[in-house]
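Colleague: Please take me through one part of this model in close detail. I would like the aromatic packing and whatever surrounds it, then a short tour of the rest.

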Amino acid sequence: MASPAVSPKSVKDLWALAAAYLNDEDRRNIDFSCPDKLNTLANLHALTEKSKQSCIKERWKYTRKSGETVILRDVFDKIVRWINIFKQVGDVAIQYDPVHAALPWAGIRFVLQIAVNDSNKFAAVVEGIEWIAELICRHAVIEHLYSQSTSEAAGELERALVKLYAAILIYLSKAKYYLEQGSAKRILKSGLLAGSEFDTYLNDIRTAQDGVDKCTVLADRHDQIHNYAELKRLLADIDAPVRRMNNDLKNIQDDLQASKRTEILLWVSPQPYIQHHEQTKQDVLLGTGQWLLSDPIFEKWKKESASSILWLHGIPGSGKSKLVSIVIEDALKSFHAGYNPQPVFFYSSRNTAEPGRSDPKVILASLVRQLSCLEPGKPLLKPTLDLYRKKEAEGFASGSLRIEESCALIIQLTEQYPLTTIVIDALDECDPGKRRDLLKALERILRESTGLVKIFVSSRNDHDIVFRLQRYPNLEIQSDRNSDDIAVFVKDQTERLIEDGELLQYSDSQTEMKELIVKKVIEGSTGMFRWASMQLQHLCSFSMDVDIRESLGRLPPDLDTLYAELYDILSNKPGEFQMIVFRNVLSWLLCAQRTLKSTEFLATVSIIPQAGKDSVFVSKDLVLKLCNNFIVFDAQLDTFRFAHLSVREFLEKRREYTSTATNALAAEACLWDLVSMSPDPITKKFLSTYSQCLTAKPSKINEFSEYSNVYWAVHCGTDCPIQLWSARVPYLLWNHINAWKLYERLQDTQVTSALAATVARFVSCVFDLPEIIKDLGDRDIQQAELKNKQGRSLIHVSVIHGSCGSLRSLLNQHKDKIKITEQVAEAAAGNESSGKQVMELLLDQRGTEVKITE
């Protein structure tokens, strides 16, 4: 049904009434000779489109005093939008007087006409002009919604609108006067008029708008019968998200097959960022986190035309990652609705098994990958293709993208989009020694990109992050903000635990106890979801109501105390082998060098040499039960992980989980696995006596063999016995060694570095153990540059002692870095036992061109 038209007789020209309130000077300034609304709008629309194209071509932007960079192209996009909506108001309210509201639009056109050829003039007024254009649209709709009403509330609303319109006209008058001045006068006046005085006029408009909002609420109560569907729809359109989508991106072609696109994207970054998001969002309760999306600071950051960072911060366990997932979902919803391009995001994590997730280089490369196409499967954008082809022509000599390369590429890619939204969770989990590089890169992107860039980051209040981000808009998670979410969470979790029979199974008064638990846990949480979750799990260990009441009466105030209580319960349960599995699980999660799939992990934690002939193989459910709420199973990546960073931090403080202890446990498991592969009869007899579990089910153990083959040396090289051995060698050299050849060998194992891996490398080159060289590779240090206490390199030592296997491994790994010194050449020539073979390797190893240097 068509909406009823408003009678022309009921329409008052409120803008004319507003102009009557102005003084003579302001009235002269707004005497624009263009009363025809339609022509005014048409001319303004053409002028705005022209200005927008100039902004795109010239990459116009300016920096506010507060530091945010305003992208002028986005401002003009908004003005175009308000003009188009205002035209619809006139179409719906067909009685609209052609002269009505021509005054402010003509004022906007005049201001833009003066400044259109000089971007520097925009800075003082352009954002105010865009906001005024929105206000004109919004209040034209409001005016017509209540134009027929004769109620007292509607009369108050009319008077409030006149005050608002008058404040707008005064602002336009002052802007016109300011821009009409010559450059010298404008410079003299800019400190006062373009600064504090303009701010005063904008504040007058805000105050008048607040008055209109209050009157609108009162008028709504009296005039519910006057609901014009189309006008209401227009009002909703005004409140809808700004559309920042470039349709040209959908038509980009790259002439690549899908497999080649995938190859290029995986070269840029193999990080499974989508799975990380799916894992994080899966436990978010419907309806929670909405306080963040409706917060005025968040809404301003999201809507305004300024490139800036918004920082979400709070204490451990306050739900930052879940809130970040809500922000990403909100941005994805906007993308699927066609409003904005897809957001790019990354969940940082401090985890030895996923070192890339705490490395700024890896984080930025993942952002590059996501920005390289409009969405997964779509054609790649030109900047990424150009860089890939350049690297391909160079033979990918430089390896993965450096921070500087990623940063420059992100800036190029953001210029392809009308809006780029970047979301990074847990900045505090980035490597403390490197995260400054990430923050500097983000600030460079904001500073240098000519496209609109919105960056949302979360972290704890670490002092270096606070120092860097405190000048940006920020939101702190406090208990008064997320208390409603925690209440929903506690009620939901309590209900689930009761339904699953884990809580209050034997209670005599289940309803009463449930209410008590919910009340006490909510009161004690003080804004920490993690604390509430752990407390509920702790209560599940009690069967009797009296014990639950007592526990609720002495709730631990912090996570560490709560973790300690739960750890004591879990680690003191009866059963020797399940306690060993418990320790194995936590130790492996602390020290594993890569992500272990569930089958690998279960095989790994099942290796218990002291089990003798009794095989021990644990299931996923048993692991989760033994480590109740300390670990979770990540179904997205088919792996186990700590339930929260605070669990890792708690365990790292305990003596039984030091780096030495956990790596010793891992080294033992790896070495047992390696020994189990030996065909030697004596070894097999040893295994059958002491470690039958390693051979009872080879199909299970084989799941672990790939890991042990690659990483055994890393675990052995971390605070391992080889360092103690190396420290004892000097004593042995001076007191017990008579054979000169062995003396010389042991002397060459002595190094100045404190790293066990360095000792292991020289042992390899002395005694020809190439497996160590192969397994350690370039990990942590550059092999080609290492020297022992004699000043000899790994190459020199290998040549002296005729370690051809180790020499071959070094030459294969460091073709471009190896320098054959005169001393090395002399050592090769003087090696009586294997000099010929050594020389052949030096001169002809796969065509390596050797240059003899002094």
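Modeller: What follows starts at the aromatic cluster, moves out to the core and a neighbouring helix, and ends with the strands. Keep in mind that this is a predicted model.

Start with the cluster itself. Tyr-563, Tyr-567, Phe-582, Phe-630, Phe-650 and Tyr-657 form one aromatic cluster. In the structure as a whole, the count of aromatic pairs comes to 19. Two of the pairs deserve a close look.

The first pair is Tyr-567 with Phe-650. Their ring centres are 6.2 Å apart and their planes meet at 65 degrees, so the pair is edge-to-face. The cut-off for that class is an angle over 60 degrees. Tyr-567 sits in helix H25, residues 559-571, and Phe-650 in helix H29, residues 645-652, so this pair ties together parts that are 83 residues apart in sequence. Both Tyr-567 and Phe-650 are buried.

The second pair is Phe-630 with Phe-650. It is edge-to-face too, with 6.4 Å from centre to centre and 85 degrees between the planes. Phe-630 is in the loop between helix H28 (620-626) and strand E8 (631-634). Phe-650 is in H29, 20 residues apart from Phe-630, and the pair links distant parts of the chain.

How buried are the two phenylalanines? Phe-630 has a relative accessible area of 0%. For Phe-650 the value is 5%. The cut-off for buried is under 20%, so both residues qualify.

Now widen the view around Phe-630. Setting aside neighbours within four places in sequence, Phe-630 contacts Met-534, Tyr-563, Leu-566, Tyr-567, Leu-570, Leu-586, Phe-642, Ala-643, Val-647 and Phe-650. Phe-630 also belongs to the largest nonpolar core, which has 75 residues. Along with Leu-586, Trp-588 and Ile-631, Phe-630 is among those with the most contacts inside that core. Helix H26, residues 576-591, gives this core its largest share, 9 residues. Another core, of 67 residues, lies apart from it and includes Leu-41, Tyr-62, Ile-83 and Leu-135.

Met-534 leads on to helix H23. This helix spans residues 529-539, and 10 of its 11 residues are buried, so H23 is largely enclosed by the rest of the structure. Met-534 is one of the buried residues, and Trp-531, Leu-536 and His-538 are also among them. Charge does not keep Arg-530 off that list: Arg-530 is buried as well. The buried residues of H23 pack against helices H21 (479-499), H22 (510-525) and H24 (545-552). They also pack against H25 and H29, the two helices that hold Tyr-567 and Phe-650.

Next, the strands. Take E6 as the reference, residues 452-459. All 8 of its 8 residues are buried. On one side are Leu-452, Lys-454, Phe-456 and Ser-458. On the other are Val-453, Ile-455, Val-457 and Ser-459, and both faces are covered.

Which strands pair with E6? Strand E3, residues 306-313, runs parallel to E6 and is joined to it by 6 bridges. Here Leu-312 stands opposite Ser-458. Strand E5, residues 419-425, also pairs with E6 in the parallel sense, over 6 bridges. In that pairing Thr-420 has Val-453 as its bridge partner. Helix H19, residues 435-448, completes the connection: E5, H19 and E6 make a right-handed β-α-β unit.

E5 pairs with E4 as well. That pairing is parallel and has 4 bridges. Tyr-347 has Asp-425 in E5 as its bridge partner. E4 covers residues 344-347; Val-344 and Phe-346 point one way, Phe-345 and Tyr-347 the other, and all are buried.

Two single residues round off the tour. Pro-360 is in helix H16, residues 360-371. It is buried, with a relative accessible area of 1%. Beyond four places in sequence, Pro-360 contacts Ile-403, Lys-434, Arg-435 and Leu-438. The C-alpha atoms of Pro-360 and Leu-439 are separated by 8.9 Å, although the two residues are 79 residues apart along the chain.

Asp-330 lies in helix H15, residues 320-336. Its side chain makes a polar contact of 2.7 Å with the side chain of Lys-302. Asp-330 also touches Leu-293 and Phe-298, not counting residues up to four places away in sequence.

Conventions: Residues numbered from 1 in each chain as written. Predicted model: local features only at pLDDT ≥ 70, side-chain atom pairs only at ≥ 80, totals over all residues. Heavy atoms only, no water. Buried < 20%, exposed > 50% of the residue type's maximum accessible area, 1.4 Å probe, protein only. Pairing = 2+ DSSP bridges. Right-handed = clockwise from strand over helix to strand, strands pointing away. Polar contact = N/O pair within 3.5 Å; in protein donor to acceptor, adjacent residues only side chain to side chain. Contact = heavy atoms within 4.5 Å. Core = buried A, V, L, I, M, F, W, Y, C linked by side-chain atoms within 4.5 Å. Phe/Tyr/Trp six-rings, centres within 6.5 Å; stacked < 30°, edge-to-face > 60°.
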